[in-house]
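I am opening this notebook to record what I looked up in the structure, one topic at a time. The entries are meant for someone who has not seen it before.

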Amino acid sequence: MYNVGKVVNTHGVVGEVRVVRITDFDERFEPGEELYWFQDENESGKPQKLIINTHRKHKTFDLLTFQGYTSINQVEQLKGGVLKVREDQLGDLEEDEFYYHEIIGCAVETVDGEVLGKVKEILSPGANDVWVVQRAKQKDLLVPYIEPVVKQIDVENKRVVIEPMEGLLDL
């Protein structure tokens with residue numbers, strides 16, 4: 001299963017929850033879509049199937065209500081949980097597009113063959129994503145996902161080749 005959001009709080013008294021989105025796909029939160037709620041990212045406990053009733057945006061959050069949940073008391077227990085979708089709910093991507101889970105865990109090396117580490121996280125601060133590369137006994141490396149830097153992505157072999165821009169590898 002794949003993360004699409006985290007329930008951070010309730011909103012109002014009619015069963016709405018505030019969700020921090022972890023997906024680029026707006027259709028994940030369309031009314032009628034199925035999500036699975038887990039207590040945490042490790043998928044401990046039994047998943048709870050939720051069907052979206054309403055969706056709207058508010059500031060930096062997505063506000064959702066679910067079918068059968070009509071009060072704050074019913075959704076209070078969802079706070080802190082993670083919303084996921086099944087693998088068969090993932091859509092096909094265009095060529096040269098990837099899901100985060102395909103990139104996370106990839107080994108990163110330079111065009112010269114120097115192994116730098118593995119992608120442990122992807123940040124989306126604005127204009128482009130930033131890949132956080134965990135290195136052995138060094139600070140994490142922040143690699144901008146831009147064409148001049150990321151030269152090759154091989155998700156089948158979990159390998160990414162980059163051409164570091166000046167200063168990228170400086171400590």
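Which residues point one way from β6, and which point the other way? I looked this up and noted that Val82 and Lys84 point one way from β6, whereas Leu83 and Val85 point the other way, and that all are buried. I should say at the outset that I am reading a predicted model.

**Entry: Leu83**

I then stayed with Leu83, which is found in strand β6. Its relative accessible area is 0%, and because buried means under 20% relative accessible area, Leu83 counts as buried. Leaving aside residues up to four places away in sequence, I looked up what Leu83 touches, and the list includes Tyr2, Asn3, Val4, Gly5 and Val7. Also among the residues that Leu83 touches are Val19, Leu35, Tyr36, Trp37, Leu50, Leu64 and Phe66. For a distance along the chain and in space, I took Leu83 and Gly12, which are 71 residues apart along the chain and whose C-alpha atoms are separated by 20 Å.

**Entry: the partners of β6**

I next asked which strands are joined to β6. Strand β1, residues 2-11, is joined to β6 by four bridges, and the two run antiparallel; in this pairing I found Tyr2 opposite Val85 of β6. Strand β3 is joined to β6, residues 82-85, by three bridges, and these two also run antiparallel. Between β3 and β6, I noted that Tyr36 stands opposite Lys84 and that Phe38 stands opposite Val82.

**Entry: β3 and the barrel**

Why is strand β3 largely enclosed by the rest of the structure? Strand β3 covers residues 34-38, and four of its five residues are buried, so the strand is largely enclosed. Turning to β4, residues 48-58, I found that β3 and β4 pair in the antiparallel sense over four bridges, and that the bridge partner of Leu35 in β4 is Leu50.

To place these strands together, I looked up the sheet they belong to, which is a closed barrel of six strands in the order β1-β2-β5-β4-β3-β6, with antiparallel pairing. Neighbouring strands of this sheet are turned by 45° against each other on average, with direction ignored. Elsewhere in the barrel, I noted that strand β2, residues 16-21, is joined to strand β5, residues 61-66, by three bridges and that the two run antiparallel; here Arg18 stands opposite Leu63 of β5.

**Entry: the open sheet**

I then looked up a further sheet, which is open, has six strands in the order β10-β9-β8-β7-β12-β11, and shows mixed pairing. Strands β10 (141-144) and β11 (150-154) stand at its edges with a single partner strand each, so one side of each is left without a neighbour in the sheet. The twist from one strand to the next averages 35°. Within this sheet I looked at strand β7, residues 107-110, which pairs with strand β12, residues 159-162, in the parallel sense over four bridges, and I found Thr110 opposite Ile162 of β12.

**Entry: two lysines in loops**

Where is Lys59 placed, and is it buried or exposed? Lys59 lies in the loop between β4 and β5, and at 75% relative accessibility it counts as exposed. I also noted that Lys59 has a positive phi of about 55° although it is not a glycine.

Lys137 is found in another setting, the loop between β9 (130-134) and β10, and with a relative accessible area of 87% I recorded Lys137 as exposed. The phi of Lys137 is near 55°, which is a positive value in a residue other than glycine.

**Entry: the second largest pocket**

Which residues line the second largest pocket? I found Asp96, Phe98, Tyr145, Ile146, Glu147, Val150, Lys151, Gln152 and Ile153 in the lining. Sorting these by kind, I recorded five nonpolar residues, one polar and three charged. About 220 Å³ of space lies in this pocket.

Key:
Residues numbered from 1 in each chain as written. Predicted model: local features only at pLDDT ≥ 70, side-chain atom pairs only at ≥ 80, totals over all residues. Heavy atoms only, no water. 1 Å grid on protein atoms, 1.4 Å probe; cavity = no way out; pocket = protein on both sides within 12 Å on 5 of 7 lines; lining within 4 Å. Points joined across faces, edges and corners; volume = space filled by probe spheres on them. Nonpolar A, V, L, I, M, F, W, Y, C, P; charged D, E, K, R; others polar. Buried < 20%, exposed > 50% of the residue type's maximum accessible area, 1.4 Å probe, protein only. Pairing = 2+ DSSP bridges. Axes fitted to C-alpha atoms, helices over the stretch in contact; angles between N-to-C directions. Contact = heavy atoms within 4.5 Å.
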